[in-house]
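User: Please work through this model with me, one question at a time. I should like the reasoning set out before each result.

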Amino acid sequence: MSDSTETKRLNALYATGLLDSGAEERFDRFARLAANMLGTKLAFVSLIDSDIQYFKAREGTDISQTARDIAFCDHAIRTPDTLMIVADAREDARFADNPLVTGEMGVRFYAGQPLVTKSGYAIGSICVLDDKPRPDMAQRERAALADLAASVMAEIEHSEAIEDLSVMNAELKHRMGNMYAHIGSLISLIARGEPDKDRLVQRLQEKIASFGSMQQLLSSKDWKSVGVRELVEAVLQAYRSGRPAGQIVVHSDGDVQLSPRGAFILTLMVGELATNAVKHGALGLQDGTIEFGWSTVEGQLVFQWHERFARDGAAMAAGTGFGTEILRKIVPMDMRGTASLDFTDTGMLYRVSARPERICQS
């Protein structure tokens with residue numbers, strides 16, 4: 001077995017948590033069944049660590065472990081798909097001088113079925129031993145030991161699934177709790193600044209759609225991180241529909257991995273900018289264009305949204321509503337940066353800086 005394979009095998013063993021949980025009745029049952037079904041004095045559910053063989057369950061002895069270098073099961077795990085049978089250990093060169101054979105235990109017969117994970121690593125075995133040789137092992141006995149090994153692994157995998165589900169549930173509650181808290185606060189602020197009921201519903205629908213895109217992306221990344229480009233493209237997808245391909249352009253010098261917190265505030269910012277562009281700016285006019293990009297300037301991330309459009313009459317004035325408050329105050333405050341929002345008769349430019357540690361995945 002190569003060093004890399006052994007490392008992966010050990011990692012598979014450690015991932016089960018079995019070495020840290022002590023004796024468990026659920027595994028003791030399997031050892032008793034093995035001894036009774038095959039009529040042997042000893043039976044074990046063994047786990048092979050780097051230097052030690054641990055008995056997760058045992059029948060017929062109080063021994064809890066042995067050195068790996070004398071363990072019969074250490075040989076068994078080398079052929080994960082094969083039941084290992086030693087009919088008479090005194091006549092087997094591998095075990096004739098083994099202290100388990102020459103000593104008080106006087107092992108003569110051994111049969112061990114490897115315990116193999118779904119990824120193909122043998123972490124131990126379920127085995128039976130006796131102080132009398134057994135030249136023949138019936139097919140039904142071989143099948144019984146194979147079935148018991150499969151049952152042991154099913155028990156291990158079931159426990160891992162429950163533990164994983166518990167961890168996932170706790171993490172999901174944490175993540176979604178934060179999400180709902182953010183959205184709840186946002187709804188309260190929008191409601192205070194939007195007296196018209198129909199307009200309020202529309203704005204909430206727009207925000208929820210943007211956050212839905214963000215949530216799907218983060219979920220697909222196990223809630224770890226998401227790239228700025230991937231996130232922005234997902235949020236802008238609905239705004240591109242039915243419009244010329246070059247009307248919205250996203251560019252940068254390189255991608256940046258955002259934390260879930262960073263993804264939330266960037267989604268809020270881009271969604272607000274795009275919504276405003278539909279109602280008052282470039283996306284509400286046939287010839288309008290938008291460029292969005294980001295770069296690193298003096299250790300800070302700088303995001304820039306540039307709309308170009310021609311309007312009849314005077315230059316568009318900065319609003320005083322909640323959308324403007326999001327862009328001028330809420331976004332830069334959360335990013336620990338500064339923001340500027342400038343309007344002219346040919347367009348609008350929004351720039352905001354962010355501390356990387358505030359929004360990026362560490």
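User: In which strand is the place of Val302, and is Val302 buried or exposed?

Analyst: In this predicted model, the place of Val302 is in strand S11. Its relative accessible area is 11%, and a residue counts as buried when that value is under 20%. Val302 of strand S11 is therefore buried.

User: Which residues is Val302 in contact with, leaving aside its neighbours within four places in sequence?

Analyst: The contacts include Gly293, Trp294, Ser295 and Val297. They also include Arg351, Val352 and Ser353. For Ser353, which is 51 residues from Val302 along the chain, the separation between the two C-alpha atoms is 4.3 Å. The full set is Gly293, Trp294, Ser295, Val297, Arg351, Val352 and Ser353.

User: How far apart in space are Phe264 and Ile359, C-alpha to C-alpha?

Analyst: Phe264 belongs to helix H8, which covers residues 260–280. With a relative accessibility of 8%, Phe264 counts as buried. In sequence, 95 residues separate Phe264 from Ile359. In space, their C-alpha atoms are apart by 9.1 Å.

User: What share of the contacts in the protein chain with a separation of 6 or more comes from residues 24 or more positions apart?

Analyst: The protein chain has 362 residues, of which 44% count as buried. Its secondary structure consists of ten helices and 13 strands. Among contacts with a separation of 6 or more, residues 24 or more positions apart account for 62%.

User: What span should helix H2 have at 1.5 Å a residue?

Analyst: Helix H2 runs over residues 25–38 and has 14 residues. The expected span is 1.5 Å times one less than the number of residues. The end C-alpha atoms of H2 are 20 Å apart, which agrees with the expected value of 20 Å.

User: Which residues of H2 are buried, and what phi does Gly39 take just after H2?

Analyst: An α-helix has 3.6 residues a turn, so residues three or four places apart point the same way. In H2 the buried residues are Arg26, Phe27, Asp28, Phe30, Ala31, Ala34, Ala35 and Leu38. Just after this helix, Gly39 takes a positive phi of about 65°.

User: Which residues other than glycine have a positive phi, near 50° or near 60°?

Analyst: Near 50°, the residue is Glu298, which is placed in the loop between strand S10 (289–297) and strand S11 (300–308). Glu298 has 80% relative accessibility and so counts as exposed. Near 60°, the residue lies in the loop between helix H9 (322–335) and strand S12 (339–344), and is partly exposed with a relative accessible area of 41%. The two names are Glu298 and Arg336.

User: How many disulfides does the count come to?

Analyst: A disulfide is a covalent bond between the sulfur atoms of two cysteines. The cut-off applied is a sulfur pair within 2.5 Å. The count comes to zero disulfides; for Cys73, the nearest cysteine sulfur is that of Cys127, 3.6 Å away, and Cys73 is in no disulfide. The number is therefore zero.

User: Are Cys73 and Cys360 buried or exposed?

Analyst: Cys73 has a relative accessible area of 1%. Cys360 has a relative accessibility of 18%. Both values meet the cut-off of under 20%, so Cys73 and Cys360 count as buried.

User: Which residues lie nearest the centre of the largest cavity?

Analyst: The structure holds two cavities of 30 Å³ or more, and the largest has a volume of about 100 Å³. Its lining comprises 13 residues, to which strand S2 (52–59), helix H3 (72–76) and strand S6 (122–130) each give two or more. By type, the lining divides into eleven nonpolar, two polar and no charged residues. Nearest the centre lie Phe44, Gln53, Phe55, Leu100 and Leu129.

User: Which residues does Asn98 touch, not counting residues up to four places away in sequence?

Analyst: Asn98 is found in the loop between strand S4 (84–86) and helix H4 (99–102). At 7% relative accessibility, Asn98 counts as buried. The residues touched are Ile70 and Phe72.

Conventions:
Residues numbered from 1 in each chain as written. Predicted model: local features only at pLDDT ≥ 70, side-chain atom pairs only at ≥ 80, totals over all residues. Heavy atoms only, no water. 1 Å grid on protein atoms, 1.4 Å probe; cavity = no way out; pocket = protein on both sides within 12 Å on 5 of 7 lines; lining within 4 Å. Points joined across faces, edges and corners; volume = space filled by probe spheres on them. Helix = DSSP H or I, 4+ residues; strand = E, 2+ residues; numbered from the N terminus. Nonpolar A, V, L, I, M, F, W, Y, C, P; charged D, E, K, R; others polar. Buried < 20%, exposed > 50% of the residue type's maximum accessible area, 1.4 Å probe, protein only. Contact = heavy atoms within 4.5 Å.
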